[in-house]
Amino acid sequence: MSPALRCAGVTLVHDGTTVLSGVDWAVGPAERWVVLGANGSGKTSLLRIAALVQHPSSGTVEVLGERLGHTDVRSLRTRIAFSSPAMAARLEPRMTALEVVMTGIHAALAPWWHHYSEADRDRARRLLAEWRCDRLADHRFPTLSAGEQQRVLLARSLVADPGLVLLDEPTAGLDVGGREELVGDLAGWAADPARPPLVVVTHHLEEVPPGFTHALVLREGRVLASGPIDAVIDDATLTTAFGLDLTVERRDGRYSVRRSGATRRR
C-alpha cells in the first residue's frame, strides 16, 4: 500500500535560516512514529509541512496519495488530523468541548461557519465518551484541565475519520499523572490496527508510548536516523542528536535516557 505520508528532499528556509534540509521520510498506513530531536532541530516545522499548514521551500510532499501543489489543500486538510499547542491556542475560546470536537469535521477553528447535523453531534459525543470526556461535553474548553483538553483534542482528531493523525507535543503542560494517562491512551491507539497512522513529536523519550513502531531523529534540520524504533533509539543516535553522552534503557516497553558522561561538542 502507498505511504500515508511521503516527504522527498524537503527543505525549509525561513528568513535566511535553513530549518530543514533534504528530509526524506515516509509513513506507512499501519505505522506509529515518534519524532525526536533537540530544540531547533526542525521537528515542529516538519510536522506543520506534513499537515499542509506550511509549504516547504523545495522538495515534494505527498499526503494520502495527493501531492502538495497539485491538489485542493483545503479539502485534503479535512482528511488530516493535526493537533499542536499553538493550534489549540487558536481555537475559539467560547466553544464547549463538544463544539471543539465537531470543528474537526471541517478542520476549522470555530463552529460558526459550518452546519452540523445531529449525527455529527452524536458522533462527537461518542468520541468524547471513548476518551473519558463525555461529562465535559458542555463545559467551555478553556475551563478544562490540561489533561482534559488533550483528551478532547484526541477525540477531535478522530471525528472526521482521518487518514493520518499528527500530534505535536501532546503531553506539553501535563503533570506526571496526566502524562501517564495520555501515554496509556496513545499506547492503546498504537495497539488498535483500525486506527489511522499516527505521528507524535516529543522532546522526552519517556513519553514514547509502548507499541510505537518507528522513530525519526532530526539533528539541525537533517535526518540523523529513521526506521524501526528499536534500531533507531540507541545510545549512539541520541548522543549525537543531543550533544551529550547518553545511555538509553528500555523496560516494559518504555524508554528512558540518562546522561552518562561529559558534554560532547556538537
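**Internal cavities and selected structural elements**

The second largest cavity has a volume of about 30 Å³ in this predicted model. Its lining is made up of Pro170, Thr171, Leu186, Val200, Thr202 and Glu207. Sorted by class, the residues around the second largest cavity comprise 3 nonpolar, 2 polar and 1 charged. In total, 2 cavities of 30 Å³ or more were counted. Rolling a probe the size of a water molecule over the atoms reveals where empty space remains.

For the largest cavity, the computed volume is about 60 Å³. The residues lining the largest cavity are Ser83, Ser84, Pro85, Gln150, Leu153, Leu154, Leu167, Asp168, Glu169 and Pro170. Two elements, helix H6 (146–158) and strand E7 (164–168), each give two or more residues to this lining. Helix H6 supplies the largest share of the lining of the largest cavity, with 3 residues. The class composition of the lining of the largest cavity is 5 nonpolar, 3 polar and 2 charged residues. Pro170 appears in the lining of the largest cavity and also in that of the second largest cavity.

Strand E6 spans residues 80–83, and Ser83 is among the residues that line the largest cavity. From strand E6, Ile80 and Phe82 point one way, whereas Ala81 and Ser83 point the other way. All four of these residues are buried. Strand E6 pairs with strand E7 in the parallel sense, and the pairing extends over 4 bridges. Within this pairing, Phe82 stands opposite Leu166 in E7. Strand E7 also takes part in lining the largest cavity, with Leu167 and Asp168 listed among the lining residues.

A further site examined was Thr237, which is found in helix H9, comprising residues 235–242. Thr237 is classed as buried because its relative accessibility is 13%, where the cut-off for a buried residue is under 20%. A polar atom of the Thr237 side chain lies 3.3 Å from the backbone oxygen of Val232. When residues up to four places away in sequence are not counted, Thr237 touches Val217, Leu224, Ala225 and Val232. Val232 therefore appears both as a residue touched by Thr237 and as the one whose backbone oxygen lies 3.3 Å from the polar side-chain atom, a separation that falls within the 3.5 Å set for a polar contact.

Key
Residues are numbered from 1 along each chain as its sequence is written. This is a predicted model: local features need pLDDT of at least 70, side-chain atom pairs count only at pLDDT 80 or more; totals for chains, interfaces and linings use all residues. Side-chain values use heavy atoms; hydrogens and water are left out. Buried means under 20% relative accessible area, exposed over 50%, partly exposed in between (1.4 Å probe, protein chains only). A polar contact is a pair of N or O atoms within 3.5 Å; within protein, one must be able to donate a hydrogen and the other to accept it, and residues adjacent in sequence count only if both atoms are side-chain atoms. Contact means heavy atoms within 4.5 Å. On a 1 Å grid over the protein atoms alone, a cavity is a set of points where a 1.4 Å probe fits but cannot get out, and a pocket is an open set with protein on both sides within 12 Å along at least five of seven lines; lining residues have an atom within 4 Å of a point. Grid points are joined across faces, edges and corners, and a volume is the space filled by probe spheres set on the points. Ala, Val, Leu, Ile, Met, Phe, Trp, Tyr, Cys and Pro count as nonpolar, Asp, Glu, Lys and Arg as charged, and the others, Gly among them, as polar. Two strands pair if DSSP finds at least two bridges between them.
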